[in-house]
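Trainee: Please take a close look at one part of this model, a pair of packed helices, and then place that part in its chain.

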Amino acid sequence: MALLSNTAVLLGKELRTEFRSRELLTTTVVFILTIVVLFSFTFDPSVNESRRFGPGLLWLAFLFAASLMLQPCFLREQTNDTLSALRLSVNDPFAIFLAKLAANTLFMLFTQILLLPVFSILYNVPVLAAFPQLVLVMFMGSLGLSVTGTALSAISAQARMRELLLPLLLLPLLTPVLIASTEATASLLVLNPIMPWKWLGFLLGFDVVFLTALWLFGEYLLEE
Amino acid sequence: MKKRILIAAVVVILMSLAAYAALFVAPTESKMGTIQRIFYLHAPSGMVALLSFFVGFVGNLAYVFTRKPKWDWLGVSAAEVGMAFCTVLILTGPIWAHPVWGIWWTWDARLTLTFVLWLLYTSYLLLRTLVEDPDRRALISAIYGIFAFLDVPLVYGSIRWWRTQHPQPVIMGGSGSGLEPTMAMVFWFWFLNLVILMIFLIHERYALEAMRGEVQSIEREAEAA
């Protein structure tokens, strides 16, 4: 399984790069926190209203954060042309994508788990009752954001106006993830949480479709 | 040149016939009245837009695997023509909806899908303007086009599960649905006409793109010399 061992090594590299500077994680956490606070001014954040708007608010913040956080994913390989080195070092270029998307999923999931309790306190929505289920939803959602986001980050890195372009390419594509994750989160934040199997299945489908597309077409994005 | 003018004339005549059929041949709908006649432009435009995006998707796939510029030209031509039909769909929808539903817009499954589709292909066309190198532009926009088209059923599925208000399909819908025979005839005549219009527009747009590609390669040769 050369693919898996290559991916593991590259994932280690991605995580090391991030944990040396922690730039990406800190900025993303602060960014999401800012949006969560700003949202409180747009409606009356009482408990009932927060239950209705909260899940959508959270996922919209995650989506915006993803479209910013995924920017440097391929851009930082351009500075010293390290992408060519990466391509030469692995048999299957898919490993580069797998490592990057795994790292991005972990980063997203980490910020989400960190900010969920903060959201819960600020908006008076208890999350502990269904915490493991929420983490599962967040994992599936983050995977969806990362699979498409990593691919599109490789696309936007090769264009002009890339900082504006990535959100523009990514956000409409993520409509299904936004709907499914919001609905799944909403059904876990009510008084009697129910497991949103339907929406989790949908997210799984989304992840599988785009992972397959990435596996088929990703390598062409890394061509010189 | 003469051939193209002849074909354009045929398309214009066919579209005029279609307009006549929608306005005078088709019977007035019993509940909605005259406004329902916009249906003959509205519904087939949606079908033709999807068909055009599908042609673009085929062009994108073929480009990725063969790297022949002609497939890139087909991809962008079909996407632009699809956008035109998609815009007609989005504009005629509210004109029909306002007198009938009492609102201009509603976030129902098919309306939302159309809007997201419109946004996706706007991004696709925008992406093309932001990449200089023609080969690079062709390749990465083709891959984005593939991603965008794969997203269509997922967007539709997710919104469909979520909420829907649009009238259930009357064409090829379940039992109990269906059009009055004259209406159905006018509808399919429109659909056929719009498909012909689509092919004509894609063909013209393709010729333009091919010419552009040629000019660019001549320019590059001149610069290199």
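Mentor: In this predicted model, α2(B) and α5(B) lie oblique to each other, because angles that are neither roughly parallel, roughly antiparallel nor roughly perpendicular count as oblique. The angle between helix α2 (residues 39-66) of chain B and helix α5 (residues 134-162) of chain B is about 135°, and their axes are 9 Å apart. The crossing in which α2(B) passes α5(B) is left-handed.

From α2(B), the residues that meet α5(B) are Phe53(B), Gly56(B), Phe57(B), Asn60(B), Leu61(B), Tyr63(B) and Val64(B). Their counterparts in α5(B) are Ala138(B), Ala142(B), Ile143(B), Gly145(B), Ile146(B) and Phe149(B). Sorted by class, this contact of α2(B) with α5(B) holds 10 nonpolar and three polar residues, with no charged residues.

Helix α5(B) also takes part in the contact between the chains. That contact draws 24 residues from chain B and 23 residues from chain A. On the side of chain B that touches chain A, α4 (109-129) and α5 each supply at least two residues. The largest share of that side, 15 residues, comes from α5(B). By class, the side of chain B that touches chain A has 20 nonpolar, two polar and two charged residues.

As for the chain around this pair, chain B has six helices and zero strands. Its C-alpha atoms fill a box of roughly 70 × 45 × 30 Å along the principal axes. Of the 225 residues in chain B, 35% are buried. Among contacts in chain B between residues at least 6 apart in sequence, 78% link residues at least 24 apart.

Methods. Residues numbered from 1 in each chain as written. Chains lettered and ligands numbered in written order. Predicted model: local features only at pLDDT ≥ 70, side-chain atom pairs only at ≥ 80, totals over all residues. Axes fitted to C-alpha atoms, helices over the stretch in contact; angles between N-to-C directions. Helix = DSSP H or I, 4+ residues; strand = E, 2+ residues; numbered from the N terminus. Parallel < 35°, antiparallel > 145°, perpendicular 65-115°, else oblique. Left-handed = near helix turned anticlockwise from the far one by under 90°. Contact = placed C-beta atoms within 7 Å. Nonpolar A, V, L, I, M, F, W, Y, C, P; charged D, E, K, R; others polar. Buried ≥ 20, exposed ≤ 12 C-beta atoms within 10 Å, placed from the backbone.
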